[in-house]
Structure formats: structure tokens, C-alpha cells
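The following exercises are to be worked with the sequence and the coordinates at hand. Each task is followed by a solution in steps.

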Amino acid sequence: MPVLSSLHCPTLPSLLPTLLLGFTGTAGEEFQVNQPESSVSVRAGDILTLACNVSAHSPAGPVLWFRKNGPEQQLIYSFNGSHFPRVNQVENTEVNQTDYSIRISDVSPKDTGTYYCVKLTIGHPDMVYVSGSGTYVSVNGASHELFQVQQAEMTQTVSTGDTVTLSCRIPDSFPKGPVLWFKGTGPHRELTYNFKGSIFPRVKEIGRTTKAGNTDFSIHISEISLSDAGTYYCVKFKEGKPDKEFQPGPGTQVSVITPPSLPVVIGPLERAQMGRTVNYSCMSYGGFPKNITLKRLRNGKEISSLQTHVVQMRDSNSYKIASTTEGALTLQDFHSYVSCDGNHLSLHYALQGNADLSKTILGR
């Protein structure tokens, strides 16, 4: 919505002191500016219609619409052909115009305030002749969203090597200033992207951030690895020296999954005689998250384990799982094998490792 300084109306600076005294013009007792609605309530995003009619016998001079919201005052519309985005005159086919109603589209909470339809008389400068009584406009509905940084997804789960999309929308009512993406919070948070043309090899912006009025600051992060797991925040800053943080988004937690290695079955270090009880271990490395499971089988039949441990690998976010079982060697084991099935949420099917028991039995 245009501000006073952007209008082609040279008499406005002289007009403002009069307006600031209050829209209480009483000149011309027979002439009236009628605003039939004292208050209007609309939902965010709707079209607002503000009605205004003037007496048929009108002195020469323009009609303007102003909005007052506390001490602030703004020119909303003039009927002199100037361009006012979102504001249009209600169609009028009368020869002698008396209807000065307007429509404001795509209403947002920043449009809240009292609107005055004001008749001026031509002069040097133009002077307030009669003002309408005012129409108070309140905006409800999704106003809380229009005052917050929006990150649509609370969580995202991706596999290593994939691309993750992090969405962010910034209300156009926010003050001027940059938008940055961070991983984590506090003084040690990591800068992920800054929309300033800096080089971030795996990050690309989605929205047309150089276009005026852009509100989309979403990004893609490609070639995801385990180190990318964490919570990402889209943060709006207010322009200054230096820029100051204005508002962060609620954050999007990114979880990264990676498949474990093919299970390996490890038998006893030495060959053993039949009848002796031996241990077998099954191991798998590198999976994330922690919920890796192993199932041990002997000739296709599941056998129980003595113990299973899942531990985080040193210098890595991934996990290792090791499971041990035991059994007595029999004559049938000359043609038997032990297998181990590894399952993980990153897998479409189980990974299997095998060991031939005949290589463990000591011949006689």
C-alpha cells in the first residue's frame, strides 16, 4: 500500500497538519460525507469494501481516503488516477458522482485501523472541507500465521544421498532485512544458507528471492549425509547496523537414515570336535538410526542369542550391532550353515550373512 511520500499529490504535506488535528471538519452544514458503517470485520485474505457517499451538491475539490492506526496515518486512495496496489474504486456509473466507495483486496492484519473518507476544497493548499465519521476495520482469521515465520514441516526423514526440501515463508508485513537458514540454535549454530550469493555447494534456493514481494525462502539440500541430521531454523533479521534477529521459525528436524553393512558371521577361531559347544557372532556396521535388528538362523531355523549389543561407532553418528549365540556341534553340521539376517528401517529387504559349519568341525 503506497505511503504518503510516494504519491503524486503536492498539496499533501500542507494538508497533514490539519488532518492530524482530527477528522472533524464541520464546514458546509448542508454538505455531508456519509460512511454508513461504523465498523467492519473481515478475515485475512478477503476483500474489504468501504462505503462512502457525499451530498449531490459538492464544492470543487478532491475526495481522499485515509487510514489512522494510533498515531500513524496513511493515504489509502485518491480518485485522481494514481495507482494504489490492492485498492480500487467501486464502479460508479453516475453522471454526477456521489459514491466514493472503495475495495481493498487481500486484506491482512496490517490493514487494521479507522478509515476516513474526506472531502477537500481546492486551495493553496487544499483544505479539509468535511470528513466522514470513520469506519473501524478489524481483521481476524489466520492473523497469527501472517505474523510468524512459517516452516511447514516439523520433521523430515531422508536417506543418505537424497535431497531434502526445507520450506519457509516470511510474512510481507515483516520489516526489511535478510533471511538466513541455520542448523541448531545458540552461539554455536551453523549457517546453512544466506541468500546473498555466497557459495553453499549443496544448497539451492527455491523461491525467487530477488523478486519484489517474494515471501518464499525455501531451500533444497542435496547429497545428504549423516552429519546433516539436526534441526534447521529459518530466521528473519531486521535491517540495521548490525542486522538484528527479528524472529526464527519453529524449526524443522531432519532425520537421516543410512543402511547397515552386510552382516558378517564370525565363528570360533579354532576348529572344534563334534559335541563341543561353540560360539558364533554376527556383526553389522554403519546403520543409523539405532534400531538395527539381527536374526540368527541354523539351517533356516531361528535360534536364540546369548547377548546383543548396539553401540555408537567411534568418530561417527552411526551404530554397530553385534550378537552372539552358541550351539553344540553334531554330525549333521557337516552339511549345515549358520545365517544372520539384518533388518533396518532403511532396508526394503533383510541383508544376510552366512557361515558354513563344516569349516568349524575338526575331522577325525
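**Exercise 1. A salt bridge of Asp 111**

With which side chain does the side chain of Asp 111 meet in a salt bridge?

Solution. The model under study is a predicted one.
Step 1. The partner is Arg 86, and the N to O distance is 3.0 Å.
Step 2. Asp 111 belongs to the loop between β8 (102-104) and β9 (113-121), whereas Arg 86 belongs to the loop between β6 (72-78) and β7 (87-89). The two residues are 25 residues apart, and the pair links distant parts of the chain.
Step 3. The relative accessibility of Asp 111 is 2%. Buried means under 20%, so Asp 111 counts as buried.

**Exercise 2. Two further salt bridges**

Locate the salt bridges formed by Glu 245 and by Asp 228, and assign the accessibility of each residue involved.

Solution.
Step 1. Glu 245 meets Arg 189 through the side chains, at 3.1 Å from N to O. Glu 245 is in strand β19 (residues 244-248), and Arg 189 is in the loop between β14 (179-183) and β15 (190-193). This pair, 56 residues apart, links distant parts of the chain.
Step 2. Relative accessible areas of 40% for Glu 245 and 26% for Arg 189 must be classified. Partly exposed covers values between 20% and 50%, so Glu 245 is partly exposed and Arg 189 is partly exposed.
Step 3. The side chain of Asp 228 meets that of Arg 202, with 2.9 Å from N to O. Asp 228 lies in the loop between β17 (219-221) and β18 (230-238), and Arg 202 lies in the loop between β15 and β16 (203-205), 26 residues apart.
Step 4. Asp 228 has a relative accessible area of 7% and is therefore buried, whereas Arg 202, at 29%, is partly exposed.
Step 5. The structure holds four salt bridges; among them are the pairs of Asp 111 with Arg 86, Glu 245 with Arg 189 and Asp 228 with Arg 202.

**Exercise 3. The hairpin of β14 and β15**

In which sense do β14 and β15 pair, and over how many bridges?

Solution.
Step 1. The pairing is antiparallel, over three bridges.
Step 2. Within this pairing, Leu 191 in β15 stands opposite Phe 182.
Step 3. Six residues lie between the strands of the hairpin, in which Gly 184 takes a positive phi near 90°.

**Exercise 4. Nonpolar cores**

Which residues touch the most other members of the largest nonpolar core?

Solution.
Step 1. The core has 31 residues, and the ones sought are Leu 48, Leu 50, Trp 65, Ile 76 and Ile 104.
Step 2. Strands that each supply at least two residues of this core include β2 (39-43), β3 (48-50), β5 (63-69), β10 (127-131) and β11 (135-140). The largest share is that of β9, with five residues.
Step 3. A second, separate core holds 22 residues, including Ile 170, Val 203, Ile 219 and Tyr 232.
Step 4. As a general background, nonpolar side chains in soluble globular proteins tend to be buried together.

**Exercise 5. Aromatic rings**

Describe the geometry of the pair formed by Tyr 193 and Phe 195.

Solution.
Step 1. The structure holds 10 aromatic pairs. In the pair of Tyr 193 and Phe 195, the centres are 4.9 Å apart and the planes make an angle of 85°.
Step 2. Planes over 60 degrees apart count as edge-to-face, and the pair is accordingly edge-to-face.
Step 3. Tyr 193 and Phe 195 are both buried.
Step 4. Elsewhere, one aromatic cluster is formed by Tyr 77, Phe 79, Phe 84 and Tyr 100.

**Exercise 6. Two contrasting environments**

Is Ser 133 buried or exposed, and is Gly 353 buried or exposed?

Solution.
Step 1. Ser 133, in the loop between β10 and β11, is exposed, with a relative accessible area of 60%.
Step 2. Neighbours within four places in sequence aside, Ser 133 is in contact with Gln 35 and Tyr 116. Its C-alpha lies 8.8 Å from that of Pro 36, although Ser 133 and Pro 36 are 97 residues apart in sequence.
Step 3. Gly 353, in strand β28 (residues 351-356), counts as buried at 6% relative accessibility.
Step 4. Not counting residues up to four places away in sequence, Gly 353 touches Pro 263, Val 265, Val 338, Ser 339 and Cys 340.

Definitions and conventions. Residues numbered from 1 in each chain as written. Predicted model: local features only at pLDDT ≥ 70, side-chain atom pairs only at ≥ 80, totals over all residues. Heavy atoms only, no water. Helix = DSSP H or I, 4+ residues; strand = E, 2+ residues; numbered from the N terminus. Buried < 20%, exposed > 50% of the residue type's maximum accessible area, 1.4 Å probe, protein only. Core = buried A, V, L, I, M, F, W, Y, C linked by side-chain atoms within 4.5 Å. Pairing = 2+ DSSP bridges. Phe/Tyr/Trp six-rings, centres within 6.5 Å; stacked < 30°, edge-to-face > 60°. Contact = heavy atoms within 4.5 Å.
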